[in-house]
Protein chains: 2
Amino acid sequence: MTQPIPASPQDSPFARKLTAFVTLSQNDLSVMSDLYRRRRKFAVGIDIIHQGQTDQSAYVLASGWACSYKILRSGGRQIVDFQIPGDFLGLRSVLFRTSDHNVEPVTPVRASEVTQGELLDAFSRTPRLAAAVLWAASRDEAMVVEHLVNLGRRTAIERMAHFLLELNARLRLVGMADKSGFLCPLSQYLLADALGLSAVHVNRVLRELREEGLVTFQKGRVTFDNYDDLVTLAMFDRAYLDHDGPLLA
Amino acid sequence: MTQPIPASPQDSPFARKLTAFVTLSQNDLSVMSDLYRRRRKFAVGIDIIHQGQTDQSAYVLASGWACSYKILRSGGRQIVDFQIPGDFLGLRSVLFRTSDHNVEPVTPVRASEVTQGELLDAFSRTPRLAAAVLWAASRDEAMVVEHLVNLGRRTAIERMAHFLLELNARLRLVGMADKSGFLCPLSQYLLADALGLSAVHVNRVLRELREEGLVTFQKGRVTFDNYDDLVTLAMFDRAYLDHDGPLLA
DNA sequence: CGGTAGATTGATGTACCTCAAAAGCTGTGG
DNA sequence: CCACAGCTTTTGAGGTACATCAATCTACCG
């Protein structure tokens, strides 16, 4: 089902995602592979990026899952987004001085560190790569907006359905899912913090989706039992994920 | 209380906002004033930008208020953000081909049209201006993230308090508010669509805030009766609005 | 084998919604 | 100047989707 992470940068999740929307030359790809040199590992429980810290590096996620979140003074937390292989971590933190959110691993993570200098250098060498990264950043923002709509105007069941469908669409881009489902390391506590629900209610919602024959999330695997009806329930419209490449390319 | 919109671009809300965080030279300011040439008016009820449309212009809001939103298939809508004088409308729509959201005026709007070409041209002439606009875009994104946290993890009262405080901070940057309050043209229906509540509940929340002696929103004016306690209630931390200017400057 | 983290289920409480209706304001035409 | 329509605000009554608290159960791990 899920593919192993390839050793060659030409077929990394990052490359796979970008080339799905912007054609990249051999030269673009080789510049990109330079960004893959300083590989670091992060264990679960150790923040990769944290709020208020200045002059951070950014990272490209090579393997594992992470999440970005904010802590409330009341103690609760809200997960803003999950990151999967091929995603940037902390792109905003490197363009600007201080980070306004935290990023932590959900599973053990391997990620390539990219400093601000390296990023700008790569951009000047291949404008197409810059355009592709800009496209990726805009897509991230579109996902945050859709997440906001999710929290503001959908019921718990619709939220969960929408979330699982979006995740599936994203994972397919990097070859880690197909129409039947995907492996998913997220606990019900993480789902709760992302969807603005309690963990108890997440459990009940998953049970209902299962009993309705729509989708099954058990033992770390999401299986779509009735994809079309799930799309209808979630009012899932993937236009926001598919927008065309940047004009600048 | 609220200042009249100045005629000179050097003291426009746009300039005022950007110069609060990035020092701009006389040359930067004059390039910027070129962006102010094609002034257009929009009446309430007529979309400025709409979802799915391609090759849009962007605008800089000169006077009036607008809001960006998404419509759900179920009929409801979620307001993502309000725009006040000095804000960009549809910056993402011009960097990329199609818009994934709508923008409509809340009051009659005057806005300056900026095409993609003009924007890129201005950027190449003054990198500092590009940096300043990038800073503004990043601040917008930070506001969307905070809005998401608001919807996911705060109660209705906290949400409303946080929203009014954020709006006050933004309006102060362009001289349209002070610590005592501001003029606010938003109906309770608009507040409801922004905060993920029903209009009825918005009304009750506003009454409670008034009766607690925290803030009064009546007859188009927001008055802070006890600013400090309101900040405490909302857990308002304005760090996400104040982050430092871009490193690129 | 005990300890810990996650999943599951039940009982109860509450924050918010929906429906309904009245009252204030604003503009429009007669 | 009044009558009326249309929006917005306000208030009440009743329903529901969610949270909270608490307990049990499982899986995993040293």
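This report looks at how the protein meets DNA strand D and how the two domains of chain A fit against each other. The model is a predicted one.

**Around DNA strand D**

Let us start with the nucleic acid. There are 17 residues around DNA strand D, and those that come nearest are Leu197(A), Ser198(A), Gln188(B), Asn203(B) and Arg207(B). By class, this surface has five nonpolar, eight polar and four charged residues. Seen from the strand, 61% of its atoms within 4 Å of the protein belong to sugar or phosphate, and the rest belong to bases.

Three atom pairs with DNA strand D are set out here for your convenience.

| Residue | Protein atom | Atom of DNA strand D | Distance |
|---|---|---|---|
| Ala156(A) | backbone N or O | phosphate oxygen | 3.0 Å |
| Asn203(B) | side-chain N or O | phosphate oxygen | 2.9 Å |
| Arg204(B) | polar side-chain atom | base oxygen | 3.2 Å |

The elements that give two or more residues to this surface are α8 (199-211) of chain A, along with α7 (188-195) and α8 (199-211) of chain B. The most comes from α8(B), with four residues.

**Two domains in chain A**

Now to the inside of one chain. Chain A is divided into domain 1, covering 9-147, and domain 2, covering 154-242. Taken over C-alpha atoms, the centres of these two domains of chain A are 23 Å apart. Each domain brings 22 residues to the contact.

How much area do domain 1 of chain A and domain 2 of chain A bury between them? The value is about 2,100 Å², with 66% of it on carbon and sulfur atoms. On the domain 1 side, Trp65(A), Phe82(A) and Glu146(A) lose the most area to domain 2 of chain A, and together they account for 30% of what that side buries.

Polar links also cross this interface. The rule finds four salt bridges between domain 1 of chain A and domain 2 of chain A. Arg170(A) and Asp87(A) form a salt bridge through their side chains, with 2.8 Å from N to O. Counting polar contacts, ten residue pairs link the two domains, with both residues at pLDDT 80 or more.

Which elements of chain A each supply at least two residues of the domain 1 side? They are α1 (13-19), β4 (77-83) and α5 (127-153). Of the elements on that side, β4(A) gives the most, with six residues. The residues of the domain 1 side that touches domain 2 of chain A divide into eleven nonpolar, four polar and seven charged.

Notes: Residues numbered from 1 in each chain as written. Chains lettered and ligands numbered in written order. Predicted model: local features only at pLDDT ≥ 70, side-chain atom pairs only at ≥ 80, totals over all residues. Heavy atoms only, no water. Near = heavy atom within 4 Å. Polar contact = N/O pair within 3.5 Å; in protein donor to acceptor, adjacent residues only side chain to side chain. Nonpolar A, V, L, I, M, F, W, Y, C, P; charged D, E, K, R; others polar. Domains from an automatic or database assignment. Contact = heavy atoms within 4.5 Å. Buried area = accessible area lost by both parts, 1.4 Å probe.
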